[in-house]
Amino acid sequence: MKTLITLVLSLILSFTASLVKADSSLKVNFVIGDPGITSINSMTFGPEGILFIGDSKSAQIIAIDLSEHPKVDNSKVNIDLLDKLIADMLGTATDQIQITDMVVNPENNNIYISVNHSSGTPVLLRVDGNNLKQISLAVVSHSKTSITDPIAIDAKDKRGRELRKWAVADIKYDSGKVLLSGLSNKEFASTFRAIDFPFTDKQNYGSLEIYHAAHGQYETHAPIKTFLATKIKGNPHIVAGYTCTPLVVLPMDKIKPGEHHKGRTVAELGSGNSPLDMIEIKNGEKRYLLIANTNRPLMKMDFTDLEAYEDAITTPVTKKGAAAGVAYVNLPYVNVLQLDKMGDAFLMIKREATGNLLLRTGNSWWFK
């Protein structure tokens, strides 16, 4: 009898534990259906195989469950003519597609590439060895939320360029929050948002101001093009890259909802350039910042140097293309368009001088 009671109690405890686990899952509010994705501007992975998609056109963030995708060995991925491969899959030409992002699921190293077709249709692809598989976005397990006060859909800059694509410039997941940079419809348009996940009706965001050394002035309208959430001297920070090309640090505890924030410019990486992607690479206790750029080689910055720099750049850098502040090293990789961490190495989409667009890993030798 005692054995039977013990068995029953064990089964009850096991069942209760499974319910608690299910209820605490980040996917507790997910539904199956069409999330209505109209563009894919930026992506990032969170835990439990959840892919977060920034959809600027519809001003929304969508979380998609990709945990059921089988793990693929991508350690030797090497794809040439990537744009042609994608175009052929979609039955179109390379000039009709735009690769908008590339991310790696840190839980299994699965690789995903997002594409916007000239027809306006967003496409999500998964790398399978050296092949590609299209992921249906019509019926998926998902959750989503709208962005508060996004830049107007018809807004344009002084040169007449559309600004709506910067509603979500970059997106990251960190400690139960979806972080995103972009433009709002407010007077100080440059905005940083922290959205609780699972999604709720609460949405915190504040405006940003930084000193732009190449322009010789403080600015509030340029969006953070790419950023990462990390720790500087043990404290949570945002490291952010802007066009032309100031590098800025923002303490997370100073970013308050509804308030205006001033970032500390720690480097000017050279005018006439825009950052495209930014990741952190570790080798033992050593940490490095990697930055991909439109008109510069891949940059490597030592976090030791970044943490040691306690000043702020507040005076103009007038020499065209000149750098100031925290030092960096140019790595022998040019025309790197997309960048993400994969294991202890990094993965990149890179355009060669021949025009070949390739997907492959970078050499970890540079971090030894």
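Which residues does Val239 touch, not counting residues up to four places away in sequence? In this predicted model, Val239 touches Thr226, Phe227, Leu228, Thr230, Ile232, Leu247, Val248, Val249, Met278, Leu289 and Leu306. The views below begin with the core that holds this residue and then turn to other sites.

**View 1. The largest nonpolar core, which includes Val239.** This core has 22 residues, and those with the most contacts inside it are Val239, Leu247, Leu289, Met301 and Leu306. At least two residues of the core come from each of the strands β16 (226–232), β18 (246–251), β20 (264–268), β22 (286–293) and β23 (299–302), and at least two likewise from the helix α3 (303–308). A second core, separate from this one, has 21 residues, among them Ile99, Val104, Val123 and Leu125.

**View 2. The surroundings of Asp170 in strand β11.** Asp170 lies in β11, which spans residues 170–174, and with a relative accessible area of 4% it falls under the 20% limit and therefore counts as buried. Its side chain makes a polar contact with the side chain of Lys172 at 2.9 Å, and the side chain of Asp170 also reaches the backbone nitrogen of Phe227, again at 2.9 Å. When neighbours within four places in sequence are left aside, the residues in contact with Asp170 are Ser42, Leu179, Leu180, Ser181, Lys225, Thr226 and Phe227. Of these, Thr226 and Phe227 are also touched by Val239 of the first view.

**View 3. The second largest pocket and its lining.** The volume of this pocket is about 950 Å³. It is lined by 25 residues, of which Asp157, Arg161, Leu163, Ala222 and Pro223 are the closest to its centre. By residue class, the lining of the second largest pocket is made up of eight nonpolar, eight polar and nine charged residues.

**View 4. The cis peptide bond between Phe197 and Pro198.** Omega of the bond that joins Phe197 and Pro198 is about 5°, whereas most peptide bonds are trans. Pro198 belongs to the loop that runs between β13 (190–196) and β14 (204–212).

**View 5. Positive phi at Cys244 and Asn335.** Most residues other than glycine have a negative phi. Cys244, although not a glycine, has a positive phi of about 75°, and its place is in the loop between β17 (235–241) and β18. With a relative accessibility of 17%, Cys244 is under the 20% limit and so counts as buried. Asn335, also a residue other than glycine, has a positive phi near 55° and sits in the loop between β25 (329–330) and β26 (336–342). The relative accessible area of Asn335 is 34%, and because this value lies between 20% and 50%, Asn335 is classed as partly exposed.

**View 6. Phe188 in the loop between β12 and β13.** The loop that holds Phe188 runs from β12 (177–183) to β13, and Phe188 is partly exposed there, with a relative accessible area of 34%. Phe188 and Glu219 are 31 residues apart in sequence, while their C-alpha atoms are 8.8 Å apart in space. With neighbours within four places in sequence left aside, Phe188 is in contact with Ser207, Thr220 and His260.

How values were computed:
Residues numbered from 1 in each chain as written. Predicted model: local features only at pLDDT ≥ 70, side-chain atom pairs only at ≥ 80, totals over all residues. Heavy atoms only, no water. Core = buried A, V, L, I, M, F, W, Y, C linked by side-chain atoms within 4.5 Å. Buried < 20%, exposed > 50% of the residue type's maximum accessible area, 1.4 Å probe, protein only. Helix = DSSP H or I, 4+ residues; strand = E, 2+ residues; numbered from the N terminus. Contact = heavy atoms within 4.5 Å. Polar contact = N/O pair within 3.5 Å; in protein donor to acceptor, adjacent residues only side chain to side chain. 1 Å grid on protein atoms, 1.4 Å probe; cavity = no way out; pocket = protein on both sides within 12 Å on 5 of 7 lines; lining within 4 Å. Points joined across faces, edges and corners; volume = space filled by probe spheres on them. Nonpolar A, V, L, I, M, F, W, Y, C, P; charged D, E, K, R; others polar.
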